[in-house]
Amino acid sequence: LEAQVAAFADDIAYDAHDIDDGLRAGLFGIDDLQSMPLAEAIIREIDRHYPALDDARRGAELVRELISYLIGAVMSETGKRLAAAQPQSAHDVRRHHQPLVGFPREVAEEETGIKAFLKLHMYRHTRVMRVMGEAEAILFDLFARYQASPEHLPAEWVEGSERESEGERARRIGNFIAGMTDRFALMEHQRL
C-alpha cells in the first residue's frame with residue numbers, strides 16, 4: 001500500500017509542480033489552463049472568491065487547490081476500495097485484482113488530461129525542446145569522447161575495461177554519464 005500511495009503522491013506532485021514551473025517559465029498562462037475542465041472549475045472558484053488576484057497568485061492558488069483536490073480524491077477512492085477489499089496482510093494487497101490506492105474513474109480521466117496538457121504545452125514546447133536538444137548534443141559529445149579516449153574517464157571507471165567487449169564498454173560509459181549531474185556534465189564537456 002505504501003508503494004501505491006507513493007506512486008500517486010509522485011503523480012500529484014509532478015502535475016502540480018510542473019504546472020507551477022510552466023506558469024513561472026511563461027510556457028503557458030493561467031487562462032490557457034482553462035482548456036482543462038478541472039482547472040477551469042478551480043480557476044472559476046478562485047476568481048469568484050478573489051476577483052482582484054494577479055495571475056501569479058491565481059496560479060499559486062490553482063496549484064494549491066489542485067493538490068488538495070487530487071489528494072482528497074485519492075483518499076476517498078482508496079477508502080472505498082479498502083473497505084470493499086478488507087485486506088488483512090501485504091499478501092492480500094499484492095494479490096488483489098486491482099490497485100487499492102487510486103483515483104475515482106472521472107478524476108483519473110481529469111488527471112490524464114493534465115498530463116496531456118503538460119506534454120503539449122510544456123514538455124514539447126519549442127523552448128524546452130531546444131534546451132533538450134542542446135543537452136542531448138552534450139551527452140553525445142561526451143559519449144563519443146569517452147569511447148574514443150577512455151583515458152579521459154576517471155581511473156575507477158577505466159579499471160578492468162581492457163577485457164570488455166565494445167558493448168560492455170559502451171554500457172560502462174553510459175552508466176558513468178548517467179551518474180553525472182547537469183553541472184558536472186557541462187563542466188566535463190567544456191573541459192574535454
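Partly exposed here means a relative accessible area between the under 20% that counts as buried and the over 50% that counts as exposed. R130 fits that middle class, with a relative accessible area of 49%. Keep in mind that this is a predicted model. Below is a quick tour of two helices, a loop phenylalanine, the salt bridges and the largest pocket.

**Helix 1**

- Helix 1 covers residues 2–25, which makes 24 residues.
- From first C-alpha to last, helix 1 reaches 33 Å, close to the 34 Å expected at 1.5 Å a residue.
- The buried residues in helix 1 are Q4, F8, I12, D15, A16, D18, I19, D20 and G22.
- Helix 3 (55–85), helix 4 (90–95) and helix 5 (105–123) are included in what covers those buried residues of helix 1.
- Right after helix 1 comes G26, with a positive phi near 75°.

**F28, in the loop that follows**

- F28 sits in the loop between helix 1 and helix 2.
- Despite being in a loop, F28 has a relative accessibility of 5% and so counts as buried.
- Leaving out residues up to four places away in sequence, F28 touches D18, I19, G22, L23, L33, F117, L118, H121 and M122.
- Among those contacts of F28 are D18, I19 and G22, which also appear among the buried residues of helix 1.
- F28 and F103 are 75 residues apart in sequence, and their C-alpha atoms are 26 Å apart in space.

**Helix 3 and the loop after it**

- Helix 3 has 31 residues and reaches 44 Å between its first and last C-alpha, close to the 45 Å expected at 1.5 Å a residue.
- Buried in helix 3 are R58, G59, E61, L62, V63, L66, L70, A73, V74, E77, T78 and R81.
- Those buried residues of helix 3 pack against helix 1, helix 2 and helix 5.
- Q86 lies in the loop between helix 3 and helix 4.
- The phi of Q86 is positive at about 45°, although Q86 is not a glycine.
- With a relative accessible area of 56%, Q86 is exposed.

**Salt bridges**

- The count comes to 19 salt bridges.
- Side chains of opposite charge can pair when their charged atoms come close.
- An α-helix has 3.6 residues a turn, so residues three or four places apart point the same way.
- In helix 2 (residues 37–49), R48 and E45 are 3 residues apart, so about one helical turn separates them.
- R48 and E45 form a salt bridge, with 2.8 Å between the closest N and O atoms.
- R48 is exposed at 56% relative accessibility, whereas E45 is partly exposed at 35%.
- In helix 3, E61 and R57 are 4 residues apart, so about one helical turn separates this pair too.
- The side chains of E61 and R57 meet in a salt bridge at 2.8 Å, N to O.
- Here the carboxylate partner is tucked away: E61 counts as buried at 6% relative accessibility, while R57 is partly exposed at 40%.
- The helix 6 pair is E134 and R130, whose side chains meet at 3.8 Å, N to O.
- With 46% relative accessibility, E134 counts as partly exposed, and E134 and R130 lie 4 residues apart in helix 6, about one turn of the helix.
- Salt bridges that share partners also join D11, D15, E111 and K115 into one network.
- One member of that network, D15, is among the buried residues of helix 1.

**The largest pocket**

- The largest pocket has a volume of about 240 Å³.
- Its lining is made up of V131, E134, A135, I138, L139, I177, M180, T181, D182, A185 and L186.
- Helix 6 (126–148) and helix 9 (182–191) are the elements that give two or more residues to this lining.
- Helix 6 gives the most, with 5 residues.
- By class, the lining has 8 nonpolar, 1 polar and 2 charged residues.
- E134 plays a double part, lining the largest pocket and forming a salt bridge with R130.

Note on methods. Residues are numbered from 1 along each chain as its sequence is written. This is a predicted model: local features need pLDDT of at least 70, side-chain atom pairs count only at pLDDT 80 or more; totals for chains, interfaces and linings use all residues. Side-chain values use heavy atoms; hydrogens and water are left out. The expected span of a helix is 1.5 Å times one less than its number of residues. Buried means under 20% relative accessible area, exposed over 50%, partly exposed in between (1.4 Å probe, protein chains only). Contact means heavy atoms within 4.5 Å. On a 1 Å grid over the protein atoms alone, a cavity is a set of points where a 1.4 Å probe fits but cannot get out, and a pocket is an open set with protein on both sides within 12 Å along at least five of seven lines; lining residues have an atom within 4 Å of a point. Grid points are joined across faces, edges and corners, and a volume is the space filled by probe spheres set on the points. Ala, Val, Leu, Ile, Met, Phe, Trp, Tyr, Cys and Pro count as nonpolar, Asp, Glu, Lys and Arg as charged, and the others, Gly among them, as polar. A salt bridge is a side-chain nitrogen of Lys or Arg within 4 Å of a carboxyl oxygen of Asp or Glu.
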